[in-house]
Amino acid sequence: MEYKNLLVEKDGTIVTVTINRPKVLNALNDETMAELEACFEELEKDDGVRAVIVTGSGEKSFVAGADIGELKDQDRKGGEERSLRGQAILLKIENLSKPVIAAINGYALGGGCELAMACDIRIASETAKLGQPEVNLGIIPGYGGTQRLTRLVGLGKAKELIFTGEMIHAQEAHRIGLVDKVVSPDQLMETAKKMAKTIAGKGPIAIANAKKAINIALDGNVKKGREVEAEGFGVLCETEDMKEGMAAFFEKREPKFVGK
Ligand code: CO8
């Protein structure tokens, strides 16, 4: 299947999905999210696929977040709906019956970090930077990131990252458990492919069942957490602060938040 914003390459039983909007650092607009959904539905059905790698086009960015251009005009209902839809798409990736490796080749910010966290294993280039900078725009993570980040790095670190909006380098992300491996940029795809091939060599039913069981192990109150996250996201879409945060981004200036 051909996509406008994704490159999908098959090498034997391994499929590499590349988010391909380099002009906006591979930001996820609605169209790309819909394509990701369609692509992962195809991958689920294809018995010839044993492992998937997700990466970003170019050397600078994995995915620099949701496309802020599409977020800036949404109202409460639209924001909540977009959040719920994004959560559902990332859940499809998390629940794919095949292993998914994120090869983080640069910025993994906001929705990009959330996309990486929906993958099973994260391998980062030494040059990658990760973070949840949504508060700088007057919003919060909306693709399940509040839940997945907390599970990966613990309460304190999740709050620090989400409250400060600060980016961290790959090595720090590795230290806190946000990424599983850090390699040099030229080794990134090779390392991801090698791991994908190793896993693809195991029984696919074993991998599928292991994945299912491991995912359930951490599924405490995550459903409720996602609902709360989406509701909060919708609330923020009615605020002046969200408009100010996004306007400031495009005007390339510091935002002035007023708490309304
Ligand atoms: N959305 C839209 N455009 C973007 C985005 C984005 N997330 N990120 C970068 N771009 C664009 C820039 O506007 C710029 O466009 P132009 O060339 O037309 O000015 C181009 O990409 C290149 O970016 P920069 O010039 O800014 O590149 P720098 O190297 O100076 O900076 C950064 C790189 C630090 C990554 C910077 O681009 C940046 O801060 N980007 C935004 C990061 C961010 O805030 N991400 C979070 C977005 S919100 C989000 O992800 C919410 C997820 C949940 C949503 C749930 C409901 C929808």
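**Pockets, domains and a sheet in a predicted model**

The largest pocket is lined by 37 residues, and those nearest its centre are Ala-64, Ile-68, Pro-133, Leu-137 and Phe-249. The structure described here is a predicted model. The volume of this pocket is about 840 Å³. By residue type, its lining divides into 21 nonpolar, 10 polar and 6 charged residues. Several elements supply at least two lining residues each: helix H2 (68-71), helix H3 (76-94), strand E6 (107-109), helix H4 (111-118) and helix H11 (240-250). The largest share comes from H11, which gives 4 residues.

Where does the largest pocket lie with respect to domain 1 and domain 2? Residues of domain 1 (6-200) and of domain 2 (204-250) both enter its lining, and the pocket therefore lies between them.

This leads to the domains themselves. The domain assignment divides the chain into domain 1, residues 6-200, and domain 2, residues 204-250. Taken over C-alpha atoms, the centres of the two domains are separated by 12 Å. Their contact involves 37 residues from domain 1 and 29 residues from domain 2.

The second largest pocket may be considered next. About 660 Å³ of space lies within it. Its lining consists of 28 residues, of which Glu-94, Asp-120, Lys-211, Ile-214 and Asn-215 are the closest to its centre. At least two lining residues come from each of H3, strand E7 (121-125), helix H5 (145-153), H9 and helix H10 (222-236). Among these contributors, which gives the most to the lining? That element is H9, with 8 residues. The lining of the second largest pocket comprises 15 nonpolar, 3 polar and 10 charged residues. Because domain 1 (6-200) and domain 2 (204-250) both give residues to this lining, the second largest pocket lies between them.

Enclosed space is a separate matter. A search of the whole structure for cavities of 30 Å³ or more finds 1. The space in the largest cavity amounts to about 40 Å³. Its lining is made up of Arg-50, Ser-97, Lys-98, Pro-99, Ile-199, Ala-200, Pro-204 and Ile-207. Helix H8 (188-200) and helix H9 (204-217) each supply at least two of these lining residues. H9 thus appears in the lining of this cavity and in that of the second largest pocket. Of the residues around the largest cavity, 5 are nonpolar, 1 is polar and 2 are charged.

The account closes with the sheet. An open sheet is formed by 6 strands, arranged in the order E1-E2-E3-E5-E7-E10, and their pairing is mixed. The edges are occupied by strand E1 (6-11) and strand E10 (181-183); each has a single partner strand, so one side of each is left without a neighbour in the sheet. On average, and with direction ignored, neighbouring strands of the sheet are turned by 20° against each other. At one of these edges, E1 pairs with strand E2 (residues 14-19) in the antiparallel sense, over 6 bridges. Which residue of E2 is the bridge partner of Lys-10? The partner of Lys-10 is Val-15. Strand E7, a member of the sheet, also supplies at least two residues to the lining of the second largest pocket.

Notes:
Residues are numbered from 1 along each chain as its sequence is written. This is a predicted model: local features need pLDDT of at least 70, side-chain atom pairs count only at pLDDT 80 or more; totals for chains, interfaces and linings use all residues. Side-chain values use heavy atoms; hydrogens and water are left out. On a 1 Å grid over the protein atoms alone, a cavity is a set of points where a 1.4 Å probe fits but cannot get out, and a pocket is an open set with protein on both sides within 12 Å along at least five of seven lines; lining residues have an atom within 4 Å of a point. Grid points are joined across faces, edges and corners, and a volume is the space filled by probe spheres set on the points. Ala, Val, Leu, Ile, Met, Phe, Trp, Tyr, Cys and Pro count as nonpolar, Asp, Glu, Lys and Arg as charged, and the others, Gly among them, as polar. Two strands pair if DSSP finds at least two bridges between them. Axes are lines fitted to C-alpha atoms, for helices over the stretch in contact, and angles run from 0 to 180 degrees between N-to-C directions. Domain bounds come from an automatic or database domain assignment. Contact means heavy atoms within 4.5 Å.
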